[in-house]
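Reader: Hi! Could you take me through one part of this structure in close detail, the long C-terminal stretch and what it packs against? I would love one connected account rather than a list.

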Amino acid sequence: TQSQIIFSGIQPTGTPHLGNYLGALLPWVHLSSSALPSTKLFFSIVDLHAITIAQSPEKLRGWRREMLRVLLALGLGEGGGVGGGGKRGRSTVFVQSHVKQHAELMWILSCTASMGYLGRMTQWKSKLDLKDDASPLDERKGKLKLGLFSYPVLQAADILVHRATHVPVGEDQSQHLEFARECVTNFNHAYGPQLVYPQTLLSPAKRIMSLTNPLKKMSKSDPSPASRILITDPPELIQKKLTTAVTDSINSVSYDPVNRPGVSNILTLLSAFDEEGRSPETLGQVYGTGMGLGAFKKLVGEAIGGGLETFRGAYEDVVKEGEEYLEDVERRGARVAEENAEATMVGVREALGL
Ligand code: ADP
Ligand code: NA
């Protein structure tokens, strides 16, 4: 049987918050520590995706390094042993733009990908607040950039160039995975069975909501820094953000996402950091009698601060290593990823007559 290849990516657009951590990065850590010896894992910092929205070059460079520090401190990547609290798995972390085969395969896939299918994707529409039935070409012509429309093709290329068999993603990305499979069908139908169908590994994590507006998801692009807890936040700051988190006028704890979204979101966070692994519902009952919201928030702040302590220590170790170390990690990651990607491209080019 074919051995497994796991691929996933994250955009270098800011320091990861608890939503990114629980929904994306923690599943990567679990996969890399539980994978069979024959499984290959690739985690990419997808800077080519980040430029679908204009970025300042300095910021992009800075965020790319920051994401690398975070991934290393989580124990991902080969890294040379710094960070990860001694729990390092065997994954390869690399920067997408360092491996040119991603962009090459994107162009090739775009020659067999369906415009109609891309036009039905919900994500790019929601980014521009387009109506569901808007045609890709009629509204806001000047503002619509081709890259924002076609980036699912790049995402498909990221996955397919590595012959990924499994792709861990959040719910928001499952439509893009289906599109990647569609790309395999279209390409293989035209040129023969070169590309491998990837399976979706859906993150089991609940969606984490904004601390300042619990009806919105916690997001890097939210203008309010108080809306999100970053995984690098020191305990005092975590505590402060919880203190100011929007709840409601009932001064007690209960899990009721519809009527009490703020308190319920904090219970979801507590559940994610609970050493006994209790559900938000159970924790709502445990703290439902005799505890006010102030004391409850304090308790949750301590749980999160404590849960991130090992990470924070590892992060500080990575920071101490300095930029040369990070450059070296990037170079080694790119080499491993390039070799894997090139093996796909040899067959693809041959099949096309390139
Ligand atoms: P952001 O909206 O913060 O920029 P991204 O789009 O970069 O987040 O998200 C990267 C991944 O992190 C997503 O695919 C998703 O799996 C996960 N993620 C992002 N925000 C949340 C959230 N609020 N709750 C749970 N998971 C999230
Ligand atoms: Na985003």
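Author: Happy to. Two residues are taken to be in contact if their C-beta atoms, placed from the backbone, lie within 7 Å. Please keep in mind that this is a predicted model.

With that in hand, let us start with helix 14, which covers residues 323-352. Helix 14 has 30 residues, and from its first C-alpha to its last it reaches 41 Å, close to the 44 Å expected at 1.5 Å a residue. Right after helix 14 comes Gly353, with a positive phi near 85°.

Where does helix 14 sit in the overall division of the chain? Domain 1 takes in 5-207 + 322-352, and domain 2 takes in 234-307. The residues of helix 14, 323-352, thus belong to the second segment of domain 1. Between the C-alpha centres of domain 1 and domain 2 there are 33 Å.

Now for the buried side of the story. The buried residues in helix 14 are Val329, Gly333, Ala334, Ala337, Asn340, Ala341 and Val348. Their packing partners are strand 2 (40-45), helix 3 (57-73), strand 3 (92-95), helix 4 (101-110) and helix 7 (146-161).

Of these partners, helix 3 deserves a closer look. Two packed helices are described by the angle between their axes and the distance between the axes. For helix 3 and helix 14, the angle is about 80° and the axes are 11 Å apart. An angle of 65 to 115 degrees counts as roughly perpendicular, so helix 3 and helix 14 are roughly perpendicular to each other. Helix 3 brings Arg65, Leu68 and Leu72 to this contact, while helix 14 brings Leu326, Val329 and Glu330. Sorted by class, the contact of helix 3 with helix 14 holds four nonpolar, no polar and two charged residues. Val329 is thus a residue of this contact and also one of the buried residues of helix 14.

Helix 7, another of the partners, can be followed further. Leu154 lies in helix 7, and Leu154 counts as buried because 23 other C-beta atoms are within 10 Å. Leaving out residues up to four places away in sequence, Leu154 touches Leu48, His49, His102 and Met106. Leu154 and Leu105 are 49 residues apart in sequence, yet their C-alpha atoms are 8.0 Å apart in space.

Helix 7 also meets helix 8 (residues 174-191): their axes come within 9 Å and cross at roughly 70°. That makes helix 7 roughly perpendicular to helix 8. On the helix 7 side the contact uses Pro152, Gln155, Ala156, Ile159 and Leu160, and on the helix 8 side His176, Phe179, Ala180, Cys183 and Val184. In the contact of helix 7 with helix 8 there are eight nonpolar, two polar and no charged residues.

Helix 4, also on the partner list, contains Ser110. Ser110 is partly exposed, because 17 other C-beta atoms are within 10 Å. Apart from neighbours within four places in sequence, Ser110 is in contact with Ser150 and Val153. Ser110 and Phe187 are 77 residues apart in sequence and 9.6 Å apart in space, C-alpha to C-alpha.

One last backbone detail may interest you. Most residues other than glycine have a negative phi. Arg163, which is not a glycine, has a positive phi of about 55°. Arg163 sits in the loop between helix 7 and strand 4 (166-169), and with 19 C-beta neighbours inside 10 Å, Arg163 counts as partly exposed.

Note on methods:
Residues are numbered from 1 along each chain as its sequence is written. Chains are lettered from A and ligands numbered from 1 in the order in which they are written. This is a predicted model: local features need pLDDT of at least 70, side-chain atom pairs count only at pLDDT 80 or more; totals for chains, interfaces and linings use all residues. Helices (H or I, at least four residues) and strands (E, at least two) are DSSP runs, numbered from the N terminus. The expected span of a helix is 1.5 Å times one less than its number of residues. A residue is buried if 20 or more other C-beta atoms lie within 10 Å of its own, exposed if 12 or fewer, and partly exposed in between; C-beta atoms are placed from the backbone. Domain bounds come from an automatic or database domain assignment. Axes are lines fitted to C-alpha atoms, for helices over the stretch in contact, and angles run from 0 to 180 degrees between N-to-C directions. Angles under 35 degrees count as roughly parallel, over 145 as roughly antiparallel, 65 to 115 as roughly perpendicular and the rest as oblique. Ala, Val, Leu, Ile, Met, Phe, Trp, Tyr, Cys and Pro count as nonpolar, Asp, Glu, Lys and Arg as charged, and the others, Gly among them, as polar.
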